[in-house]
Amino acid sequence: MKRNVIGLFLVAAAAALVFSAPTNGGAQTAPPAQHKAQPPRSVRLYLFDCGVLHNADMGRFNLKKEDVTTTDMSMGCFLIAHPKGNLIWDTGAIPDDSWTPNGRMTTQHVTLPDGQKRDADVDKTLRAQLAEIGYSPSDINFLALSHYHYDHTANANQFASATWLVRQVERDAMFGGNFSGSLQPSTFSALQKSKTIIIKTDEYDVFGDGSVIIKSAPGHTQGHQVLYVKLGKTGGVVLSGDLYHYPAEKTLDRVPTFEFSQEQTRASRVAVDAFLKKTGAQLWIQHDFEGNAKLKKSPQFYE
Ligand SMILES: [Zn+2]
């Protein structure tokens, strides 16, 4: 009973707030920060800052320090908001629940199952960046990962209620232990029970209108894929996954040492080059620190 009285009081207080708003001389008040996002009229691409990864060993990329302007890597997470639904593409290296933001850049340490250690700097959680534009993880319809390495899967479990778009070989490797390279199974374990669409075609049209296409690009992992987004004003963009990490891999024709199949990576690079030519799309190398620094970050977006 007491609870109901308090509840009623809160409702009354809220109503008073609503009705008092227009008395401030008609000035526009800022919308509440956590308003729920509405489907956009046209496709939008949001880029979230999921941190910076420090790489000590350039030999893994068949590069030397002199070949690159910085050894640091950006980590982008992406939301594609489409009139018919939305898609999260890649989820960073540091799980939101493993650290507490303090308003400053902080260095987080990752220890991989094989004992390898990595450092990444982060200052905002993915959850907070989504909330800033009105989305919670339960609002997300589709999740797709470029591939299963730890620096792309950190927050995958948050989107277990979405429909997961994945290739059979990739899923088998993730849950069958037949993986190559670095991964953190605890970060994607919840996907095992997610509603799942197994992609069987080279290109998969997520919303059926040609604007958001997941394209097969195996090699880095068994079922590695890239994402094409066709935007009204910006034009076409291909999100690279880890088809390349550093632009120098493209200009100097280098393939990392830790690919599932270097031969497949080479073939995928040729196929994606042809796709870029055909569509006129630009390639965004997701880990390219300098390229990423020039891009608009959420809450701004590309359309
Ligand atoms: Zn990566």
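Here are a few friendly notes on a predicted model, starting at its metal site.

1. Start with the zinc ion. Four residues coordinate it at 2.1 Å: D151 and D242 each through OD, and H152 and H287 each through NE2. The angles among the four donor atoms run from 87 to 159°, and the site is irregular.

2. Now look at where these donors sit along the chain. Their spacing in sequence is D-H-x89-D-x44-H. D151 belongs to helix α3 (residues 150-153), while H287 is in the loop between β13 (282-284) and α7 (289-293), so this pair ties together parts that are 136 residues apart in sequence. Both D151 and H287 are buried.

3. Next, find S240 in the loop between β12 (235-239) and α5 (247-251). Is S240 buried or exposed? S240 counts as buried because its relative accessibility is 0%, and the cut-off for buried is under 20%. Leaving aside residues up to four places away in sequence, S240 touches H224, V226, L283, W284, I285 and Q286.

4. Helix α4 (residues 168-176) is a nice one to rotate on screen. Its residues E170, R171, A173 and M174 are buried. Why do they lie on the same side of α4? They cover an arc of only 160° around the axis, which puts them there together. As a general rule, an α-helix has 3.6 residues a turn, so residues three or four places apart point the same way.

5. Finally, look around α4 and just past its end. The cover over the buried residues of α4 includes β7 (163-166) and β8 (196-198). Just after α4 comes G177, with a positive phi of about 80°.

How values were computed
Residues are numbered from 1 along each chain as its sequence is written. This is a predicted model: local features need pLDDT of at least 70, side-chain atom pairs count only at pLDDT 80 or more; totals for chains, interfaces and linings use all residues. Side-chain values use heavy atoms; hydrogens and water are left out. Buried means under 20% relative accessible area, exposed over 50%, partly exposed in between (1.4 Å probe, protein chains only). Helices (H or I, at least four residues) and strands (E, at least two) are DSSP runs, numbered from the N terminus. The arc is that of the directions from the helix axis to the C-beta atoms. Contact means heavy atoms within 4.5 Å. Donors are N, O and S atoms within 2.8 Å of the metal (3.2 Å for Na, K and Ca); water is not among the atoms, so sites may look incomplete. Four donors count as tetrahedral if all angles lie between 85 and 135 degrees; four count as square planar and six as octahedral if opposite donors are over 155 degrees apart and all others between 65 and 115; anything else is irregular.
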